[in-house]
Amino acid sequence: MDINANIGTNGGTGNILLTAGDTVPQANVTVVSAAGTGNVTVASGEDFTDGTLNQDGNIGAGGGDIVMGGTATVQSDEGNILMDAADDFIVGIVNADGDGDGVRGDVTTFSRAGSTLDANGSALNISANHLTMTAFNGIGVLGDPIETDANTITTTTTAGSVNISNLGSTLINL
């Protein structure tokens, strides 16, 4: 599934669920947006025909990435956001305060067999109340960390380092 146009809910609290059996590329300047307290889930490497998010799609070499362009955005007004990549997650902008009122949802990211990497240089990547990031091969890289604005950050990585730069004060759980 390629995201080449905006996807959104209008008013209310509608949720958005996007799944693909392989890689999910999201083009620059496109926005996936849930209004109100609606949640957004993007899952790659997922065969959702069984109705279960369990990473049972194409997770072989080169399959199952979420690749956001540097200006691509996934946002909610105050709902939670899940970005679940079977392999790598290349993050543009993930914003759980899309309406800018300061009330934020939580953001959870997975790079189950790969890394979480920055697609937009020094620009802000993730805004959340609670941010939980899990990656097999590391989160960010030295010299190009994942830029965040979160009250609480929890990270887990199996075989790599964690490189995050947060705006303001935060509680970090490693």
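A nonpolar patch on the surface of this predicted model is formed by Val 162, Ile 172 and Leu 174, which together have about 310 Å² of accessible area. Patches comprise residues with over 30% relative accessible area and no salt bridge, like charges being joined within 9 Å and nonpolar side chains (Val, Leu, Ile, Met, Phe, Trp, Tyr) within 5 Å. A salt bridge denotes a side-chain nitrogen of Lys or Arg within 4 Å of a carboxyl oxygen of Asp or Glu, and accessible areas derive from the Shrake-Rupley method with a 1.4 Å probe, only the protein chains shown counting as cover for residues. Ile 172 belongs to strand E16 (residues 171-173) and counts as partly exposed because its relative accessibility is 47%; the classes are buried (under 20%), exposed (over 50%) and partly exposed (in between), with a 1.4 Å probe and protein chains only.

The chain contains 16 strands and zero helices, assigned as DSSP runs numbered from the N terminus (strands, E, at least two residues; helices, H or I, at least four). Of its 174 residues, 45% are buried. In the loop between strand E3 (24-26) and strand E4 (31-34) lies Val 29, which has a positive phi of about 65° although it is not a glycine. Val 29 is exposed, its relative accessible area being 65%.

Residues are numbered from 1 along each chain as its sequence is written. Local features need pLDDT of at least 70 and side-chain atom pairs count only at pLDDT 80 or more, whereas totals for chains, interfaces and linings use all residues; side-chain values use heavy atoms, with hydrogens and water left out.
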